Amino acid sequence: MVIQAAELCVGYGGRAVLSGLNFQVGPGEFVGLLGPNGSGKSTLVNTLSGLLPPRGGRLLMGGHALESLSSRRRAQLRAVVLQSSEVRFPFTCLEIVLMGRYPHRKRLESLADDDLLRALKSMRRTTTDHLQQRLITEVSGGERQRVIIARALAQDPRLLLLDEATSCLDVRKKLEIFELLKLLNQTQGLTVLCAMHDLNLAALYCSRLMFLKDGAILRDGPTEEVFTPAVLARVFDTPMEVSRHPAHQRPYAVLLPLPAEIQETEETLEVAHI
Amino acid sequence: MKDSSIFAPDSLDLMAVSRQRRAGRRRYAAALMALGLGLVISLALATGIGRMDIGWKTVNAVILGKLGFSAPVPDHTTQVVIWDIRLSRVALAGLVGASLAAAGVVFQGLLLNPLADPFTLGVSTGAALGVALLVMLGVGGSYLGLSPLPLGALVGALATMVMVVVLSRESGRIRKESLILAGIVVSTFLAALISLIKSLDEESLSAIVFWIMGSFSGRGWIHVGFLVPYAAAGLALAACHHRELDLLALGEEQSEHLGVAVSKVRLRLLLGASLLTAGAVAVSGVIGFVGLVVPHLVRVLAGPSHGRLLVLSALTGALLLIWADVLARILLPGGQELPVGVVTALLGGPFFFYLLKSRRARGMW
């Protein structure tokens, strides 16, 4: 198992955001983490990445308690891409991607050809070849994000944790990245766990979905089973229609207008104003 | 996108990238050679400049004689002036310059802050307080030719660093923002203590002021010997962690994602930079602007990679302080000396202003 969580409780300081989490993620899974704003997606990703210590329960990564692993060992097992990663020093994009090799290199050991090759390969995969010698401080936000994704791939992880990692990319680039992840997932057994807001993107690529709501996991299962109008409506308090696309046979959701509540609230406000 | 070319490494231009990297290495080697050569020449030139007029040939003869490459020079006075008074002072200036510049590189990388240097964290103020305390207690004199003041500076610097780190620790992690804040708080408090000592004890005023100005006047090999272990330990700590410095420059979150044990590494680097600062302040007093300006200048020319930045900055810092000290010795007529701290501030202030305003330097931050 890549991740095993038992009665896991996560949160900041004195506040528990999620509690009583029990789940496992096996090698080669492609898991989407969905839920409304503030449901704890990012908190969970931060805990799984090892930056935020769990408040209770057990959390194993690759069979070892996450907290007992050294930072270096953790970085050999998992890579993380967040929504945006600011870089303030003018490193070249290639230097940034090479930093992904850090957990695999010994102290004072010079850069091996293999490290360079892996870095170049992941830049090719994210179509950032042409940025190699450009300064990371001078490329666009979308380009920088793809360089950061290339760095995560150069890290050669077993598990890739993404938190809204593609939300700043245009439609085409977003799909390219997810196609790439799917390919790596299928051919090299890369385990992917991504927190995201784009329901249809999740339904298109994730084979399993976890829905967070009210400080707990509301549903967790194969996309086909849990991506239903009933579940979506409960998680997001929004009526949705789910259909199957005739071309790719994957489910997709269509938003429906909200029921009259909001209009009613507006009307009462108007009245109060008068 | 199903195109398999993204998985075919043979189409990657490894050769071109290797070529570029080799070219970069050659440029670095050239810069190293130039700076190294400049340093050797400066060492000889700066030793030849002074009140007693001694020709270059004699200077070379004395140095080569002392090193055992040729027969020793018979004139004892010349030998003492060149070797024991001048060369030791030039060597000390170079060593202090290298230490301060290297400490500046580490502090700036750690704090992601262009204005960070040994002074921002209160380390230098702590050292100065250590000295002021000793002067007030009346143990500022000379024992066996070595004053206890350097030890006071060292204890003060390290104690301050410990205090700042303890203040900025939050549930086991050192937070970058609170580190700067703690530095300012501690440094302000310590400066007030120094002022208190100054006003309580008028007699010690001039000794403390002299120390805070920074100077190499009257220093010798014994001070070089005192500084060497601290400079060596500090530089070694920094050099061993140059890759971590690169990653830390991306911020805490990204460095932890990439496998740096942030708190542990940051503590080691702070210790290294404190050793460098404490050693330098202990033998020469407080000399500003070297730790601030040199890393800036080198970063503009050589890029942000900390391995090269450290080495090139140390060499540049050594060169800068050697010549600043020469100016301090010869600027005033009649054999009077300026404190070298005044010279670096007069040179460094306007230069730093220029750096801040120039477009290229701004792009760096």
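**Notes on a predicted two-chain model**

1. A good place to start is strand 11 of chain A: zero of its five residues are buried, so the strand lies largely in the open. Please keep in mind throughout that this is a predicted model.

2. Strand 11 does have a partner. It pairs with strand 12 of chain A, residues 251-255, in the antiparallel sense, and the pairing runs over five bridges. If you would like one pair to look at, take A:Glu241, whose bridge partner in strand 12 is A:Val254.

3. The hairpin made by strands 11 and 12 of chain A has six residues between the strands, and there A:Gln249 takes a positive phi near 65°. As a reminder, most residues other than glycine have a negative phi. That makes the backbone at A:Gln249, with its positive phi, worth a look.

4. Just along the chain, A:Asp237 also deserves a glance: its phi is positive, about 50°, although the residue is not a glycine. Where does A:Asp237 lie? It is in the loop between helix 9 (229-236) and strand 11 (240-244) of chain A. With 11 other C-beta atoms within 10 Å, A:Asp237 counts as exposed, because the cut-off for that class is 12 or fewer.

5. A:Glu164 is another non-glycine residue with a positive phi, here about 55°. A:Glu164 is found in the loop that links strand 7 (159-163) to helix 6 (171-188) of chain A. Its C-beta has 18 others within 10 Å, so A:Glu164 is partly exposed; a buried residue would need 20 or more.

6. Turning to the interface, 27 residues of chain B are in contact with 30 residues of chain A. On the chain B side, the elements that give two or more residues are helix 1 (14-48), helix 9 (242-248) and helix 10 (252-257). Which of them provides the largest share? That is helix 10 of chain B, with four residues. By class, this side of chain B has 17 nonpolar, six polar and four charged residues.

7. Finally, chain B is divided into domain 1 (33-83) and domain 2 (93-363). How far apart do the C-alpha centres of domain 1 and domain 2 of chain B lie? The separation is 30 Å. Nine residues of domain 1 are in contact with 12 residues of domain 2. The domain 1 side of that contact is made up of four nonpolar, four polar and one charged residues.

Conventions
Residues are numbered from 1 along each chain as its sequence is written. Chains are lettered from A and ligands numbered from 1 in the order in which they are written. This is a predicted model: local features need pLDDT of at least 70, side-chain atom pairs count only at pLDDT 80 or more; totals for chains, interfaces and linings use all residues. Two residues are in contact if their C-beta atoms, placed from the backbone, lie within 7 Å. Ala, Val, Leu, Ile, Met, Phe, Trp, Tyr, Cys and Pro count as nonpolar, Asp, Glu, Lys and Arg as charged, and the others, Gly among them, as polar. Two strands pair if DSSP finds at least two bridges between them. Domain bounds come from an automatic or database domain assignment.
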